[in-house]
Amino acid sequence: MNCTKCKTKAVIGLPRHNAAFCRGCFNGFVHDQVARAIKSEWMFGKEDRILVAVSGGKDSLALWDILLKLGYRADALYVNLGIGAYSVQSHAKVTKFAEVVAVSHGATLHLHTVEQEAGAGIKELAQLIHRPTCSTCGTIKRYQFNRVAIEQHYDVMATGHNLDDEAARLLGNVLHWQEEYLDKQGPSLPASVEGFAKKVKPLYRLSERELAAYAVLNRIDYIVEECPMAKGSKMLQYKEVLNRLETESPGTKQTFYWGFLEKQSKKQPTAATMTEKDRAVLHPCTSCSQPTTAEVCSYCKMMARAKTVVPR
Amino acid sequence: MRLLSRARTKPTEFFRHPWMTRPLPPACTEAYDPLMQVQLSHPARTVEVKGPKKVKELLRELNLVVEAHLVIKGDDLVTEDEMLNDGDQIEIRPVISGGSPHFTFHAS
């Protein structure tokens, strides 16, 4: 198989684009897709300060790498969740990337350790509040990324969600008719209320396989092991189903998610309507001032419970 | 002792023994062939596969979906039509990750 652009030996075939690329042309393709996502969704400009949420996985490290190479001012935040050896390993990968690649671009890595604040890791916290581990993880990450973005005056927060993540989440929401979540499935969400940072997903045009290939080809040392807490999760099942469909019929995931975005953009959510909706239901948490629908946000409730139960 | 002294005095006769000139039985020859070493994850394990074989044939044989995996030969990423041979060191790396369906951007 030869590269569609330069005709040399290809290293990856992309059936959904009916193309194949060599290493150089593939890097160009990935950078181009991210640049198109940033421009078409008005995510950020060259002067904006970006906070990238990194986990040590391929997507977030690839995102940080791409943004730095495209010349953006991108720092990162890593949240150590305290999942035994998995967290030790992912922390080491992030630190290594920051030292080897990011520092040379003048970027900074921020760290937050859950155990230092809560006195327990994510698994223990989840048991304490009787919620699934993945849901607890989501609450903590959302809170900490938003907190750092606001406190350190970042213009926008970027996550490594890719096409597979978004298509799988859309499938889950549609299967359960969770229409209330559909409005916020776009790749760019405005800072709708005071205390919320603008959030963007610059990788939404790239598949998980394309991002893994980018990481391998650019020698990005990421954590290949699956998070032990995610085993058997619904998201993984949806991804598996979508990948089977994609293999049989290339372009399925793209048509599904991009088609949804197109319909949504014609239907309603302008930034204004989303802002109006948020302002109607959100107000500052009485404990930490981050926006919440309740009097005290779920993060503060979780921490209060942890402080009463976990011996320090 | 007697055996040792025989071996020392008549080494050529020992190596010309007719048993050595016969071809090895099929089971033995197979054991010495350097098969393709395929490293898999989740759980981490190595399997041996007989080549030559195309990447897509190898994935099909192992019941793995192309869209969810990358195939790395040595240090290089390879396409689905690449031919893999006995002795090659192959890694099949899964690309799927993720947990919470609701790590979305709504308020907590």
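**View 1. Strands 6 and 8 of chain A sit side by side in a parallel pair.** In this predicted model, strand 6 (residues 156-158) and strand 8 (residues 198-200) of chain A are joined by three bridges. Want one to look for? Start at Met157(A), then find its bridge partner in strand 8 of chain A, Lys199(A).

**View 2. Zoom out a little, and the pair turns out to belong to an open sheet of six strands in chain A.** Read across the sheet and the strand order is 5-4-3-6-8-7, with mixed pairing. At the edges are strand 5 (109-113) and strand 7 (188-189) of chain A, each of which pairs on one side only.

**View 3. Two helices of chain A lie across strands of chain A.** Helix 2 (residues 58-69) of chain A lies across strand 3 (49-54), strand 4 (73-80), strand 5 and strand 6. Its angle to strand 3 of chain A is about 155 degrees. Helix 3 (residues 84-102) of chain A lies across strand 3, strand 4 and strand 5, and runs at about 160 degrees to strand 4 of chain A.

**View 4. Here we look into the largest nonpolar core, which has 67 residues.** In soluble globular proteins, nonpolar side chains tend to be buried together. Among the residues with the most contacts inside this core are Phe26(A), Trp64(A), Tyr257(A) and Phe44(A). What does Phe44(A) touch, once we leave aside its neighbours within four places in sequence? It is in contact with Ile38(A), Ile50(A), Leu67(A), Tyr72(A), Val156(A), Val200(A) and Pro202(A). Apart from this core lies another one, of 30 residues, including Ile129(A), Ala149(A), Ala197(A) and Ala306(A).

**View 5. Pro284(A) has its place in strand 9 (residues 283-284) of chain A.** Is Pro284(A) buried or exposed? It counts as exposed, because its relative accessibility is 55% and the cut-off for exposed is over 50%. Beyond its neighbours within four places in sequence, Pro284(A) is in contact with Ser289(A), Gln290(A), Pro291(A), Thr292(A) and Glu295(A). For a sense of distance, try Ile83(A): it is 201 residues away along the chain, and the two C-alpha atoms are separated by 31 Å.

**View 6. Chain A meets chain B, with 56 residues of chain A in contact with 30 residues of chain B.** The two chains bury about 3900 Å² between them, 59% of it on carbon and sulfur atoms. In chain A, Met1(A), Arg142(A) and Arg209(A) lose the most area to chain B, together 18% of what that side buries. Three salt bridges cross this interface. Arg209(A) also meets Glu80(B) through their side chains in a salt bridge, at 2.9 Å from N to O.

Notes. Residues are numbered from 1 along each chain as its sequence is written. Chains are lettered from A and ligands numbered from 1 in the order in which they are written. This is a predicted model: local features need pLDDT of at least 70, side-chain atom pairs count only at pLDDT 80 or more; totals for chains, interfaces and linings use all residues. Side-chain values use heavy atoms; hydrogens and water are left out. Two strands pair if DSSP finds at least two bridges between them. Helices (H or I, at least four residues) and strands (E, at least two) are DSSP runs, numbered from the N terminus. Contact means heavy atoms within 4.5 Å. Axes are lines fitted to C-alpha atoms, for helices over the stretch in contact, and angles run from 0 to 180 degrees between N-to-C directions. A nonpolar core is a set of buried Ala, Val, Leu, Ile, Met, Phe, Trp, Tyr and Cys residues joined through side-chain atoms within 4.5 Å. Buried means under 20% relative accessible area, exposed over 50%, partly exposed in between (1.4 Å probe, protein chains only). Buried area is the accessible area (1.4 Å probe) that two parts lose on being put together, summed over both. A salt bridge is a side-chain nitrogen of Lys or Arg within 4 Å of a carboxyl oxygen of Asp or Glu.
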